[in-house]
Amino acid sequence: MQIRKRDTYSTGRVTSRPGAPTQTSEVPAGAVQPLGLDAAKDGLLYLPSGYEQSKPAALAVMLHGSGGNPEHGMWLLQRYADAHNIILIAPASRKYTWDVIVTDSFGPDAIFIDQSLAFAFEHFNIDPARVAIGGFSDGASYALCLGLTNGDVFTHIIAFSPGFAFAREKHGAPAVFISHGVHDGILPIDPCGRLVHRDLKKEGLEVKYLEFDGEHEIPANISQAAIEWFLK
């Protein structure tokens with residue numbers, strides 16, 4: 001992928017779009033692999049064990065929380081990937097968390113996620129009706145930011161315990177899944193999950209909202225519900 005000027009990404013708008021693969025993939029199925037896009041701050045890729053180029057796969061870009069790493073992002077949904085033919089991408093943030101949270105502006109992380117999308121779209125047969133971006137905590141907030149900005153690329157947003165949603169421009173109308181623990185002491189539910197839910201509903205978006213009796217976490221039944229919602 002040719003990188004455009006940084007100011008191309010100042011609103012978080014990505015340039016990659018799904019289409020027929022143009023390159024042959026040598027990525028082995030059933031094993032987590034480095035993306036190979038950055039020597040210092042890379043990301044991870046998982047190709048489900050039953051992946052076939054003739055059968056379109058879902059794609060989910062999953063983002064770690066503050067201070068996390070790509071393994072944390074991969075962990076969010078990897079247990080479901082083989083059974084549901086989901087290709088997973090888990091990028092690393094350029095700094096300790098995502099750019100718009102660190103600097104109040106989009107830039108290096110939006111660029112790297114766009115590179116990751118370009119790699120996936122060029123090498124794999126992706127179902128354009130099942131392209132998700134998601135994450136946990138800060139990763140959920142950033143997923144909402146990029147997902148709302150690029151709702152014509154990301155059909156679904158999966159936000160586990162988000163803090164906020166922000167977009168300088170909006171395209172498309174992605175479906176949104178939000179979960180939040182009622183006892184969350186890191187990102188309290190009232191000014192975070194509940195507020196985001198109300199705001200998105202006012203915008204007319206389809207929102208699946210689940211509260212659970214827990215803290216800053218993702219119970220197994222919540223991640224299972226997110227997968228069922230994404231693939232319904």
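Here is a short chat about a strand, a core and a serine in this predicted model.

Visitor: How many of the residues in strand β4 are buried?

Guide: Let's look at the two ways the side chains go. Ile86, Leu88 and Ala90 point one way from β4, Ile87, Ile89 and Pro91 point the other way, and all are buried. So side chains swapping faces is what you'd expect, because in a regular strand they alternate between the two faces of the sheet. For β4, residues 86-91, the buried count is six of six.

Visitor: Which strand pairs with β4 in the antiparallel sense?

Guide: Two strands are worth checking here. Strand β3 (residues 57-63) is joined to β4 by four bridges, but those two run parallel; there, Ala58 has Ile86 as its bridge partner. On the other hand, Gly43 is partnered with Pro91, and the antiparallel pairing, over four bridges, belongs to strand β2.

Visitor: Which helix gives the largest share of the largest nonpolar core?

Guide: That core has 46 residues, and Leu59, Ile87, Phe124, Tyr142 and Leu200 touch the most other members. The largest share is eight residues, and they come from helix α4.

Visitor: Is Ser137 buried or exposed?

Guide: Ser137 sits in the loop between β5 (126-136) and α5 (138-149). Beyond its neighbours within four places in sequence, Ser137 is in contact with residues including Gly65, Phe160, Leu187 and His216. Its relative accessible area is 9%, and the cut-off for buried is under 20%, so Ser137 counts as buried.

Notes: Residues are numbered from 1 along each chain as its sequence is written. This is a predicted model: local features need pLDDT of at least 70, side-chain atom pairs count only at pLDDT 80 or more; totals for chains, interfaces and linings use all residues. Side-chain values use heavy atoms; hydrogens and water are left out. Buried means under 20% relative accessible area, exposed over 50%, partly exposed in between (1.4 Å probe, protein chains only). Contact means heavy atoms within 4.5 Å. Two strands pair if DSSP finds at least two bridges between them. A nonpolar core is a set of buried Ala, Val, Leu, Ile, Met, Phe, Trp, Tyr and Cys residues joined through side-chain atoms within 4.5 Å.
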